[in-house]
Amino acid sequence: MPIPAPNLYPSFNIVRLSHVELTVTDLAASRAFYVDTLGLQVTGEEDGRLYLRAMEERNHHCLVLREGDKAVADALAFKVYDEQGLDMAEKFFKDKGLPVEWIERPFQGRTFVTRDPHGIPLEFYTRMDRLPPIHQQYKLYNGVKPLRIDHFNCFSPNVDESVAFYSELGFRVTEYTEDEVSKHLWAAWMHRKGGVHDMAFTNGLGPRLHHVAFWVPTPLNIVDLLDLMATTGYVGNIERGPGRHGISNAFFLYVRDPDLHRIEIYCSDYLTVDPDHEPIKWDLKDPQRQTLWGAPAPRSWFEEGTLFKGVEPQESQLAAQPIVAP
Ligand SMILES: [Fe+2]
């Protein structure tokens with residue numbers, strides 16, 4: 001199935017992915033992981049929620065941790081360019097027959113939540129409280145020195161359908177994996193902000209959140225994080241990598257937080273702003289697709305993910321199997 005032509009003139013402009021709220025079962029344990037180990041900065045703590053940002057972000061938060069009984073993900077949040085666009089976004093979702101609810105969010109202006117056609121909870125807003133820059137306060141850098149949130153990756157029960165919908169929203173495909181037998185999409189990477197992706201989809205029981213990624217300055221920061229995790233009780237939380245992806249060319253590491261939410265540490269992908277940027281196609285059976293150096297991912301990476309709050313995932317419709325580590 002061919003990927004859709006890019007929609008270069010959507011009726012509103014999504015600037016980029018913005019933030020996510022994760023429910024965690026022990027906020028102190030999560031704080032030790034995200035703040036003391038990864039190095040995210042605390043920007044607020046109220047009503048049982050911990051608000052965090054990375055070093056070069058001016059937005060108040062990119063990650064919200066909330067303590068609860070079950071480790072789930074709330075809405076994936078995206079920033080819209082202006083208030084008029086936010087109203088156009090509301091119209092877009094209502095015209096599709098999808099639910100729209102305006103809600104109050106601390107530190108944010110007008111915000112609505114909705115769902116994509118598979119049920120992924122989405123949040124859109126334009127204004128968030130802005131904080132002073134800290135990217136040159138080097139005494140604050142800690143852990144893996146996270147600079148900014150980079151992307152979400154979700155399991156999708158039908159990647160063809162996910163790509164069609166997000167294309168309408170103005171997301172453009174940069175790379176994709178096709179099953180050479182059925183000719184259906186097995187995975188796709190789609191961007192708004194000019195990197196390889198803001199949002200990616202992987203075939204599987206879904207929708208579920210596969211991972212949230214943070215951009216770091218260099219691969220050496222990833223090596224430092226591995227040394228830190230290996231000697232502070234987190235060796236079992238290292239899942240995959242370090243390595244270089246074939247897709248995106250980025251240097252990567254996947255780790256699991258204390259509730260098994262998956263976090264990718266990521267750097268050095270490439271610029272994709274040209275409107276005529278050609279997507280790169282990968283074969284699902286290409287051993288350099290996942291990792292340029294050839295090492296396949298473990299089975300957990302293909303099968304485990306975070307449930308979205310209140311969403312029952314469905315089996316994927318495509319049975320094609322990736323290469324899995326023995
Ligand atoms: Fe990723």
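The domain assignment splits the protein into domain 1 (14-130) and domain 2 (144-307), with bounds of this kind coming from an automatic or database domain assignment. This is a predicted model, so local features need pLDDT of at least 70 and side-chain atom pairs count only at pLDDT 80 or more, while totals for chains, interfaces and linings use all residues. Residues are numbered from 1 along each chain as its sequence is written, and side-chain values use heavy atoms, with hydrogens and water left out.

The C-alpha centres of domain 1 and domain 2 sit 20 Å apart. Domain 1 puts 44 residues into the contact and domain 2 puts in 43 residues, where contact means heavy atoms within 4.5 Å. Interface size is often quoted as the accessible area lost when the parts come together. Here the two domains bury about 3,500 Å² between them, and 71% of that is on carbon and sulfur atoms; buried area is the accessible area (1.4 Å probe) that two parts lose on being put together, summed over both. On the charged side, the interface of domain 1 and domain 2 has 2 salt bridges across it, a salt bridge being a side-chain nitrogen of Lys or Arg within 4 Å of a carboxyl oxygen of Asp or Glu.

Next comes the sheet. Its 8 strands form an open sheet in the order 2-3-4-1-5-8-7-6, with mixed pairing. Two strands count as paired if DSSP finds at least two bridges between them, and the elements themselves are DSSP runs numbered from the N terminus: helices (H or I, at least four residues) and strands (E, at least two). Strand 2 (41-46) and strand 6 (101-103) are the edge strands, each pairing on one side only. Ignoring direction, neighbouring strands of this sheet are turned by 25° against each other on average. Strand 1 (residues 14-24) and strand 5 (residues 73-80) run antiparallel and are joined by 6 bridges; valine 20, for instance, has leucine 76 in strand 5 as its bridge partner.

Two helices go with these strands. Helix 1 (residues 27-37) packs on the sheet and touches strand 1, strand 2, strand 3 and strand 4, its direction making about 160° with that of strand 4. Helix 2 lies across strand 5, strand 6, strand 7 (111-115) and strand 8 (121-125), and runs at about 25° to strand 7. For these angles, axes are lines fitted to C-alpha atoms, for helices over the stretch in contact, and values run from 0 to 180 degrees between N-to-C directions.

Over the whole structure, the search turns up 20 salt bridges. One of them joins the side chains of glutamate 56 and arginine 148 at 2.7 Å, N to O. That pair links distant parts of the chain, 92 residues apart: glutamate 56 is in the loop between strand 3 (49-53) and strand 4 (63-67), arginine 148 in strand 9 (residues 148-156). Glutamate 56 is partly exposed because its relative accessibility is 34%, given that buried means under 20% relative accessible area, exposed over 50% and partly exposed in between (1.4 Å probe, protein chains only). Arginine 148, at 24%, is partly exposed too.

Within helix 2 (residues 83-95), lysine 94 and glutamate 90 lie 4 residues apart, about one turn of the helix, and their side chains meet in a salt bridge of 3.1 Å, N to O. Lysine 94 is partly exposed at 48%, whereas glutamate 90 is buried at 17%.
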